[in-house]
Amino acid sequence: MLLKSKFKLATAIGIMLSMLSLLVHLFLANYSAGGLTKGSMHMDDVLPFGPRPRPQRLWGPLRKLDHLHPFVNPSKSYAAPSKHNGFIYAKIYGGFEKIQSSICDLVAVARLLNATLVIPEIQATTRAKGISPKFKSFSYLYDEDHFIDALSNDVAIVHGLPKDLREARKKIKFPTVSPRNSATPEYYITQVLPRLVKSKVIGVIVNGGNCLQSILPATLEEFQRLRCRVAFHALRLRPQIQALGSQIVGRLRASGRPYLAYHPGLLRDTLAFHGCAELFQDIHTELIQHRRSQMIKRGTVKEQLTVDSVSRKTAGLCPLMPEEVGLLLQALGYPPTTIIFLAGSETFGGQRMLIPLRAMFANLVDRTSLCSQKELSDLVGPEDPLALDLPQLPPPKSEKQLIEEWKRAGPRPRPLPPPPSRPFYAHEKEGWYGWIGENDTEPDASPIEFRRQAHRLLWDALDYFVSVEADAFFPGFHSDGSGWPDYSSLIMGHRLYQKPFGITYRPDRKIVAALFENVTDHRYHPPRNWTIAAREHLNRSAGVEGVVSSAMLSRPVSFLSHPLPECSCRTPKSPAIQPVKDSNGRLLFGGEKECPDWMARSLAMASAKNSEPQNEDYEDELPEDDSSPGMQQESDRSDANKSSEQDEEMDPDD
């Protein structure tokens, strides 16, 4: 009897301890899930004593570029506008990179025409019904008041047209223009200015960005500097985006380690424009080809529908695949525990494309794994609920219809009647999987898709902030030479302006394709000479040679991708650099003016204060031979020429 009592007591104590352990585990899981991450980063390589080494070769700073400093103050001869010729309002179509580029060009155009600029209207937000009323159009991304104040000495900017002109605009009394890509200043002076002076108001419809020539004449150098002031100072993201972006940067560096930002550049429009469909499989190839056929019908693509994707990739026209990027980072010497931030709101192919990269670098994270759902929803703001697409049951049949079906059923014994039609749910109709199996025509965007496009602007803006602040940046696709701004190139241009000494890789995709062609059968165990060649190319691309070669491609078509030499200055004791010019004799690099004395003194004091010995590069040695080494998208111009009958100003007082 006593033995049974002891057994019962031991069982009760065991159950109580199990319940207590379960409660403790639930509490810890709930505490950790409600805060930072859904997927934690691996910290198993943290050294036991002292700070982690920070190899200069992997994380910078680059000594050969640390003489460059941002300087965009106007010169003394930069006079204020002499007269007011009228108002310019603008509608901007496209993604984040096109919006950023278009606004900079519009400010320069308004200054060129001595006109008052009405805050541009971002169509991706105005077309999305029911988004947060706290943020309208321009203010959905940017700090509107700061934008006006920062450019008060350059261009007159107002929130909206005066009331009488607003009513006239609704009645379609003002002309509109849709400038082509990279329009010249002469076009605006000869074609747009006379119409502006006559009507006092003119509308500009911008599709795809770059509505002003990239390289302006030497006499318009101040307009280049103005574009830099707009892009890097006036276009400040709204405070909520900046605050969350700063929190993400802090969380990435919480372990005391630097992080690398990576933008894959795998966009459906980019892949369709350059003919990279065969790099994918199954339904994804069909989706790319479907978009390419649309571009051919609109005249955006002047080629055949089917092209050799392998030859396109060999020519450097297709994005680098995430697997290739992982192998290149290994060749550079980045350890498997390197923190990599995945930027961009779209990666065509989804998480399946990132499996090889995630296998090589376990700390591949993005905004969703660093922010709680509440933080992201707070950034979006309160939104009106959309009408639910509930399943529709088949319509009921009358008794007469049932009798007729019974008579047509055939001779007895009659088979069982077919089961009733199954209703289709909303998730079965959204996206490509809802229509690709039923017909060949892609349906128009639904209200939920318009809202997602607006949300993508927020995610791109947030990731843009984090990528500019990163310790290193690696683009999967940039400077395709098409003339359209791309996301990675704008990040690289911003980093070149703000922190030129930071590590920013600018790989030549043609050279990289040739490298991988040589190790097709043993990519994951390449020989030593391949690793040396890949490392040398990428290290050169991050230095002066990469800046110059990138300028040859990017600056002729996108000024913000390479804002040198107008938007930077160099310290007096900078190393002697041979100026580099393009085929037309225009400076691309090395022609920066010397920084003013006051700026040079402050930079010298800051350098002396912050100078600390760099940690030794502990990964200089290459692995042995038998070991594993440590576009822009073409704009979819379906909205290119919106009917002026639907032109109604976004009222800031609504």
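**Helix contacts, sheets and a few odd spots**

Ser-137 sits in the loop that runs between α4 (123-126) and α5 (144-150). In this predicted model, the phi angle of Ser-137 is near 50 degrees, which is a positive value in a residue that isn't glycine.

Two other loops turn up something of their own, this time in the peptide bonds. The bond from Gly-60 to Pro-61 is cis, with an omega near 5 degrees. Pro-61 belongs to the loop between α2 (56-59) and β1. Further along the chain, the bond from Leu-564 to Pro-565 is also cis, and omega is near 5 degrees there. Pro-565 is placed in the loop between α22 and β13.

That loop has a part in a disulfide as well. A disulfide is a covalent bond between the sulfur atoms of two cysteines. The count for this model comes to 3 disulfides, and one that can be followed in detail joins Cys-228 and Cys-567, with the sulfur atoms 1.8 Å apart. The torsion about this S-S bond is about 90 degrees, so the disulfide is right-handed. Cys-228 lies in helix α8 (residues 221-234), while Cys-567 lies in the loop between α22 (544-554) and β13, so the pair ties together parts of the chain that are 339 residues apart in sequence.

Next come the sheets. Strand β13 is part of an open sheet of 3 strands, in the order β1-β13-β16, with mixed pairing. At the edges are β1 (68-70) and β16 (593-594), each of which pairs on one side only. Strand β13 (residues 568-570) runs parallel to β16, and 2 bridges join them. For Cys-569, the bridge partner in β16 is Lys-593.

Another open sheet has 5 strands, and its pairing is parallel. Going across it, the order reads β10-β9-β8-β11-β12. The edge positions are taken by β10 (364-365) and β12 (503-504); each has a single partner strand, so one side of each is left without a neighbour in the sheet. On the β12 side, strand β11 (residues 472-475) pairs with β12 in the parallel sense over 2 bridges. Here Phe-473 stands opposite Thr-504 of β12.

What about the helices? Two packed helices are described by the angle between their axes and the distance between the axes. Helix α18 (residues 447-468) and helix α19 (residues 487-498) have axes that come within 10 Å and cross at roughly 40 degrees. An angle of 65 to 115 degrees would count as roughly perpendicular and one under 35 as roughly parallel; α18 and α19 are therefore oblique to each other. The crossing of α18 past α19 is right-handed. On the α18 side, the residues that meet α19 are Asp-460, Asp-463, Tyr-464, Ser-467 and Val-468. Their counterparts in α19 are Tyr-487, Leu-490, Ile-491, His-494, Arg-495 and Gln-498. Sorted by class, this contact has 5 nonpolar, 3 polar and 3 charged residues.

Helix α18 also meets α3. The axes of helix α3 (residues 96-112) and α18 come within 9 Å and cross at roughly 75 degrees, and the two helices are therefore roughly perpendicular to each other. From α3, the contact takes in Phe-96, Ile-99 and Gln-100. From α18, it takes in Leu-457, Asp-460, Ala-461 and Tyr-464. These residues divide into 5 nonpolar, 1 polar and 1 charged. Asp-460 and Tyr-464 of α18 are thus named in the contact with α3 and in the one with α19.

A third pair of helices is α20 (residues 509-517) and α21 (residues 528-542), whose axes come within 11 Å and cross at roughly 170 degrees. Since angles over 145 degrees count as roughly antiparallel, that label applies to α20 and α21. Ile-511, Val-512, Leu-515 and Phe-516 of α20 meet Trp-530, Ala-533, Ala-534 and His-537 of α21. By class, there are 7 nonpolar residues and 1 polar residue in this contact, and no charged ones.

Technical notes:
Residues numbered from 1 in each chain as written. Predicted model: local features only at pLDDT ≥ 70, side-chain atom pairs only at ≥ 80, totals over all residues. Heavy atoms only, no water. Axes fitted to C-alpha atoms, helices over the stretch in contact; angles between N-to-C directions. Helix = DSSP H or I, 4+ residues; strand = E, 2+ residues; numbered from the N terminus. Left-handed = near helix turned anticlockwise from the far one by under 90°. Contact = heavy atoms within 4.5 Å. Nonpolar A, V, L, I, M, F, W, Y, C, P; charged D, E, K, R; others polar. Pairing = 2+ DSSP bridges. Disulfide = S-S within 2.5 Å.
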